Each structure stands twice: as C-alpha cells, then as structure tokens.
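User: I would like to learn how to read the overall form of a model before looking at a single residue. Could you take me through one?

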Amino acid sequence: MIGAISTAISGLLASGKRVEASANNIANAQSAGSLDPNSPDQPYRAQTTVQTANGDGGGVSAYNISKTPGIVNAYAPDFPFANAKGEIGVPDVDLGSDIVNLKIAEITYKANISVLKTASEMSDSLNKLFDKKV
C-alpha cells in the first residue's frame, strides 16, 4: 500500500510541474524581448515538462526545461529593443498545446487522488479486520 501511495504522490507532483510550465507559458505568451543573447531584456523562453518513470517502479519524476529555442523572431520595429532588422524575440508558446497539457494535468491529478482514496479505504478495511480479531 505504501508503494501505491508513493506512486500516486509522485504523479501528483508531476501534474503540478505540468501545470506550472503551461501556466507560465500562457501568462508570458504576450511578452517580448531582445534577440541579443547578451541583453538584459531577454524574452521569456517557453517551457515544457519532462517526465520519466522511476526505475524501481515507484512512480515518476518530472521537471521543467526551456524549449529549444524557446523564442521566435517577430517583426516589431517600434519596440525599444528591436534589432537592426526590426525584429524582437517572443516566446515560442503554443496555446493549444498548453491548454491540452492543463487538461491532461487535471485528469492525471484526479486519477492519482483516486489512488490515494482507494489506498485509504483499503487501510481502513484492514484496520477494521484487525480490530475484529483483537
């Protein structure tokens, strides 16, 4: 039962990482910055979540990384940090994918909560059996 709880908790944490990346992407989708890598006015770089299975069968690990390249060029000559071609950097955000990722996170979160609920019910049933025997 401890294994099921551990696996479900790791799934909850992974869902949280997915929500974090997508929420950051959506919140920063309209930001912009300089294409110059040495400029302090760098644009937000879109993120993605990497999820891997733990080798011991004990759930998953997840972390967020910046997409490569994470930014795309946009023409906006009026921005103060536009380069000589009038280009700026904007995040490479795909709102459709981020909305789907939020829905996936919701579904996996609910599934992992169900596992925790079932583990709790099993523990309660086991305790009742022990109480009857003692």
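Analyst: A radius of gyration is best read against a reference: a compact globule of 134 residues would come out near 14 Å, whereas this protein, a predicted model, has 22 Å. The box taken along the principal axes adds to that picture, since the C-alpha atoms fill roughly 80 × 25 × 20 Å.

User: Which elements does the protein have, and in what order do they run from the N terminus on?

Analyst: The protein has two helices and four strands, and from the N terminus on they run α-β-β-β-β-α. Among contacts between residues at least 6 apart in sequence, 55% join residues at least 24 apart.

User: How much of the protein counts as buried?

Analyst: Of the 134 residues, 24% count as buried, while the protein exposes about 8,600 Å², with carbon and sulfur atoms supplying 58% of that area. As for charge, there are 11 positive and 13 negative side chains, and the centres of the two sets lie 12 Å apart.

User: Now for a single residue: where does Gln51 lie, and why does it count as partly exposed?

Analyst: Gln51 lies in strand S1, which spans residues 47-53. Partly exposed is the class between 20% and 50% relative accessible area, and Gln51 belongs to it because its relative accessibility is 40%.

User: Which residues does Gln51 touch, not counting those up to four places away in sequence?

Analyst: With those left out, Gln51 touches Ala14, Arg18, Val60, Ser61 and Ala62. For a distance along the chain set beside one in space, take Gln51 and Asn112, which are 61 residues apart in the chain and whose C-alpha atoms are separated by 15 Å.

Definitions and conventions: Residues are numbered from 1 along each chain as its sequence is written. This is a predicted model: local features need pLDDT of at least 70, side-chain atom pairs count only at pLDDT 80 or more; totals for chains, interfaces and linings use all residues. Side-chain values use heavy atoms; hydrogens and water are left out. Buried means under 20% relative accessible area, exposed over 50%, partly exposed in between (1.4 Å probe, protein chains only). Contact means heavy atoms within 4.5 Å. The radius of gyration is taken over C-alpha atoms; the globule rule is 2.2 Å times the number of residues to the power 0.38. Accessible areas come from the Shrake-Rupley method with a 1.4 Å probe; for residues, only the protein chains shown count as cover. Lys and Arg count as positive and Asp and Glu as negative; His and the chain ends are not counted. The place of a charge is taken as NZ of Lys, CZ of Arg, CG of Asp or CD of Glu.
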